[in-house]
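Here is a small set of exercises to work through at your bench or your desk. Keep the viewer open, try each task, and then compare your steps with the solution.

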Amino acid sequence: QLIFNLAVRGMLVPQDPKEEAAVELLKRISKEKERVGKKNKNRKNNHLHPITQKNESSTLPSNWEWCRLEQIGISSTGKTPKTSIKSNFGGKTQFIGPGEITQTGEILESQKTLTNEGLHQSTEAFPGSILMVCIGGSIGKSAIVHKPIAFNQQINCLQPIDIKSEYLNAVFSSDRFKIELMENATGSATPIINRSKWEKLLVPIPPLAEQGRIISKMNQLISLCDQLEQEQQSNIETHNTLVTSLLNALSSSTENANQFAESWQL
């Protein structure tokens with residue numbers, strides 16, 4: 001969790017001022033989103049709520065930008081075909097519900113599948129898209145799609161444009177995003193966030209090249225965490241070595257030791 005939190009605050013890898021700033025990346029995404037929207041006749045965003053200092057929950061590096069989820073991709077909500085029509089089910093397309101998305105970001109094989117007829121009455125997600133559960137006790141679970149699938153109405157989907165899915169999924173897994181998600185959800189016993197509110201959630205965007213470096217660093221550190229978990233019960237010496245390696249890797253990736261110490265305490 002610390003790795004995700006540092007990653008989305010710009011504290012996991014150093015910034016490169018020579019790289020294209022995120023503001024330019026967002027301009028390109030806006031143009032591509034408009035082109036795709038016209039082609040697919042998607043609904044237009046009539047009004048984007050301005051982002052003020054009150055909205056921003058933390059300071060970002062100078063070449064990063066805050067944006068809303070709806071600005072960086074094409075969103076959709078799932079649908080369930082009519083269960084009374086048997087010909088909708090039993091095909092080759094996996095039909096995903098919240099139970100098939102794990103807490104660790106995997107998509108399990110579903111018990112239900114759809115035919116082509118059923119798929120036309122549902123919503124399809126393609127590789128690189130991200131699914132998020134938006135209702136119930138498991139609200140906020142997310143996973144990257146690796147093969148075409150369909151999903152039900154308890155799940156929202158974002159197909160990012162020129163944003164790396166692995167980085168965006170780290171944002172979804174961060175404490176800041178989870179807190180904002182729950183603040184915008186309604187209902188106590190069964191929390192739910194509708195698509196309109198979901199699209200307005202804030203996302204920190206780094207330059208595209210930095211996103212790649214963040215993903216590489218996350219993979220490296222998570223691998224160390226996995227080793228630590230495997231060894232901590234059997235070998236105290238190895239355990240201590242891995243802890244030291246992990247902390248050194250984290251602290252060396254931040255430019256300010258005080259910032260790292262503060263983040264570690266959080």
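The exercises below go from the whole chain to single residues, and the model they use is a predicted one.

**Exercise 1. Take stock of the chain**

Task: Find how many helices and strands the chain has, and what share of its residues is buried.

Solution: Begin with the secondary structure: the chain has 9 helices and 10 strands. Next, turn to burial, which counts residues under 20% relative accessible area. Of the 266 residues in the chain, 46% are buried. For the surface, the chain exposes about 14,500 Å², and carbon and sulfur atoms supply 49% of this area. Finally, look at contacts between residues at least 6 apart in sequence: 73% of these join residues at least 24 apart.

**Exercise 2. Trace the antiparallel sheet**

Task: Work out the strand order of the open sheet with antiparallel pairing, and say which strands are its edge strands.

Solution: Reading across the sheet, the 4 strands come in the order 2-9-6-7. The edges are strand 2 (73–77) and strand 7 (142–144), each of which pairs on one side only. On average, neighbouring strands here are turned by 20° against each other, direction ignored. Now zoom in on one pairing: strand 6 (residues 130–133) and strand 7 are joined in the antiparallel sense over 3 bridges. Within this pairing, L131 has A143 in strand 7 as its bridge partner. To finish, add the helix: helix 4 (residues 165–173) lies across strand 6, strand 7 and strand 9 (155–160), and runs at about 175° to strand 7.

**Exercise 3. Trace the mixed sheet**

Task: Do the same for the open sheet whose pairing is mixed, and explain why one side of each edge strand has no neighbour in the sheet.

Solution: This sheet also has 4 strands, in the order 4-3-8-5. Strand 4 (113–114) and strand 5 (123–125) stand at the edges with a single partner strand each, so one side of each lacks a neighbour in the sheet. Follow strand 5 inward: 3 bridges join strand 5 to strand 8 (residues 149–151), and the two run antiparallel. Here A125 stands opposite I149 of strand 8.

**Exercise 4. Classify the aromatic pairs**

Task: Locate the 2 aromatic pairs in the whole structure and decide how the rings of W64 and Y167 are arranged.

Solution: For W64 and Y167, the centre-to-centre distance is 6.3 Å and the planes stand at 80°. Planes over 60 degrees apart count as edge-to-face, and that is the class of this pair. W64 sits in the loop between helix 2 (22–40) and strand 1 (65–68), while Y167 is in helix 4, so the pair ties together parts 103 residues apart in sequence. W64 and Y167 are both buried. The rings of F172 and F177 have centres 4.9 Å apart and planes at 45°, so they form a tilted pair. F172 and F177 are buried too.

**Exercise 5. Place a cysteine**

Task: Is C225 buried, partly exposed or exposed, and which residues does C225 touch?

Solution: First, find C225 in helix 7. This helix (residues 208–231) has 24 residues and reaches 35 Å from first C-alpha to last, close to the 34 Å expected. Its buried residues include M218, L221, L224 and L228. C225 has 28% relative accessibility and therefore counts as partly exposed. Beyond residues up to four places away in sequence, C225 touches I3 and L246. As a last check, the C-alpha atoms of C225 and V243 are separated by 8.4 Å, with their positions 18 residues apart along the chain.

Key:
Residues numbered from 1 in each chain as written. Predicted model: local features only at pLDDT ≥ 70, side-chain atom pairs only at ≥ 80, totals over all residues. Heavy atoms only, no water. Pairing = 2+ DSSP bridges. Axes fitted to C-alpha atoms, helices over the stretch in contact; angles between N-to-C directions. Contact = heavy atoms within 4.5 Å. Phe/Tyr/Trp six-rings, centres within 6.5 Å; stacked < 30°, edge-to-face > 60°. Buried < 20%, exposed > 50% of the residue type's maximum accessible area, 1.4 Å probe, protein only. Expected span 1.5 Å × (residues − 1). Areas by Shrake-Rupley, 256 points an atom, 1.4 Å probe, with all protein chains shown as cover.
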